[in-house]
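Here is a quick walk through one model, section by section. Have the viewer open and follow along.

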Amino acid sequence: MIRYTIHPKISVDNLTLFDAGYEDDSNNIYFIRNNMSYALTKSIKANSAIGIKNPGAFGTLSLTYNFKQPDFSLSYSAGSTYQNGFSFEQSLVVGYSPNLGGELFGYIHLLATGNLSNKGYIRGLQQFKIGVQQNQLATGWAVNLDQFNNARKKLENMGLFFTYNF
């Protein structure tokens, strides 16, 4: 993710993900989102986003609550996404990074996302990462669990991850 602060209350970010490693390449997932946030308070932001993901373009309006301590963070977001119809989308991100000594930190990251529409559970995603972080580089083990169309289609993969924050 690349984030820019263009005003004390306004930030813009771009998130690009490509998820591969499934048994069938047709299950590979791509996701590109450009988001603009406006800080309503120190902890609450209003968001507007556009992007593309399997199966096409989308737009989102949401609110996000953030709580941050030196070694713990929590973010909850809820709003509406339009992609071939409207859905209610919510996500929870929890991070824990205890100091392991000097510049080395533990890295525990949990992401859970769900999209609901009048047709049911469109998509769910759970991602868990555990590892170590030094400066901007985090590495370790990760597992991804995806469910689509009321969990009729399920994907999972696991392996090593590398994250570098600019």
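## T64 and its surroundings

T64 sits in strand β5, which covers residues 56–68. This is a predicted model, so treat every value below as computed from it. Is T64 buried or exposed? T64 comes out at 13% relative accessibility, so it counts as buried, the cut-off for that label being under 20%.

Leaving aside residues up to four places away in sequence, T64 touches S43, I44, K45, N47, S75, Y76 and S77. With S77 there is also a side-chain to side-chain polar contact, at 3.2 Å.

## The overall picture

Zoom out, and the protein turns out to have twelve strands and zero helices. Reading along the sequence therefore gives nothing but β, in the pattern β-β-β-β-β-β-β-β-β-β-β-β.

How does the radius of gyration sit with a compact globule? For 166 residues the globule rule gives a value near 15 Å, and the protein has 17 Å, which agrees. The C-alpha trace spans about 50 × 40 × 20 Å along its principal axes. As for burial, 33% of the 166 residues count as buried. Take the contacts between residues at least 6 apart in sequence: 29% of them join residues at least 24 apart.

## The β3–β4 hairpin

Strand β3 (residues 29–39) and strand β4 (residues 44–53) run antiparallel, with nine bridges joining them. Four residues lie between the two strands of this hairpin. If you want a spot to check the register, R33 stands opposite G51 in β4.

Ahead of β3 is the loop that follows β2 (10–19), and D24 lies in that loop. D24 has 40% relative accessibility, so it counts as partly exposed. For a sense of distance, the C-alpha atoms of D24 and G106 are separated by 33 Å, with their positions 82 residues apart along the chain.

## From β9 through β11

Further along, strand β9 (residues 104–117) and strand β10 (residues 120–134) are antiparallel and joined by 14 bridges. The hairpin between β9 and β10 passes through two residues. G106, the residue from the distance above, stands opposite V132 in β10.

β10 also pairs with strand β11 (residues 137–148), again in the antiparallel sense, over twelve bridges. Here Q126 has L145 in β11 as its bridge partner. The hairpin of β10 and β11 has two residues between the strands, and N135 there takes a positive phi near 55°.

## Two asparagines with positive phi

N135 deserves a second look: its phi is positive, about 55°, although N135 is not a glycine. N135 is found in the loop between β10 and β11. Its relative accessible area is 49%, so N135 is partly exposed.

Which residue in the loop between β11 and β12 (153–164) belongs in this section? That is N149, which has a positive phi of about 50° although it is not a glycine. N149 counts as partly exposed because its relative accessibility is 46%.

## Y121 in β10

Y121 lies in strand β10, and its relative accessible area of 27% is why it is called partly exposed. Not counting residues up to four places away in sequence, Y121 touches T113, G114, N115, L116, Q126, Q147, N149, N150 and A151. That list includes N149, the asparagine from the previous section, and Q126, the bridge partner of L145.

Which side chain makes a polar contact with the side chain of Y121? It is that of Q147, at 3.3 Å. I50, by contrast, is 71 residues from Y121 along the chain, and the two C-alpha atoms are separated by 21 Å.

## Rings and charges

The structure holds three aromatic pairs. A pair of aromatic rings is described by the distance of the centres and the angle of the planes.

There are lysines over ring faces too. K53 lies over the face of F58, at 5.0 Å from the ring centre. K129 lies over the face of F161, with 5.0 Å to the ring centre. K53 is at the end of β4 (residues 44–53), while K129 falls within β10 (residues 120–134).

Notes
Residues numbered from 1 in each chain as written. Predicted model: local features only at pLDDT ≥ 70, side-chain atom pairs only at ≥ 80, totals over all residues. Heavy atoms only, no water. Phe/Tyr/Trp six-rings, centres within 6.5 Å; stacked < 30°, edge-to-face > 60°. Lys NZ or Arg CZ within 6 Å of the ring centre and 35° of its normal. Pairing = 2+ DSSP bridges. Buried < 20%, exposed > 50% of the residue type's maximum accessible area, 1.4 Å probe, protein only. Polar contact = N/O pair within 3.5 Å; in protein donor to acceptor, adjacent residues only side chain to side chain. Contact = heavy atoms within 4.5 Å. Rg over C-alpha atoms; globule rule 2.2 N^0.38 Å.
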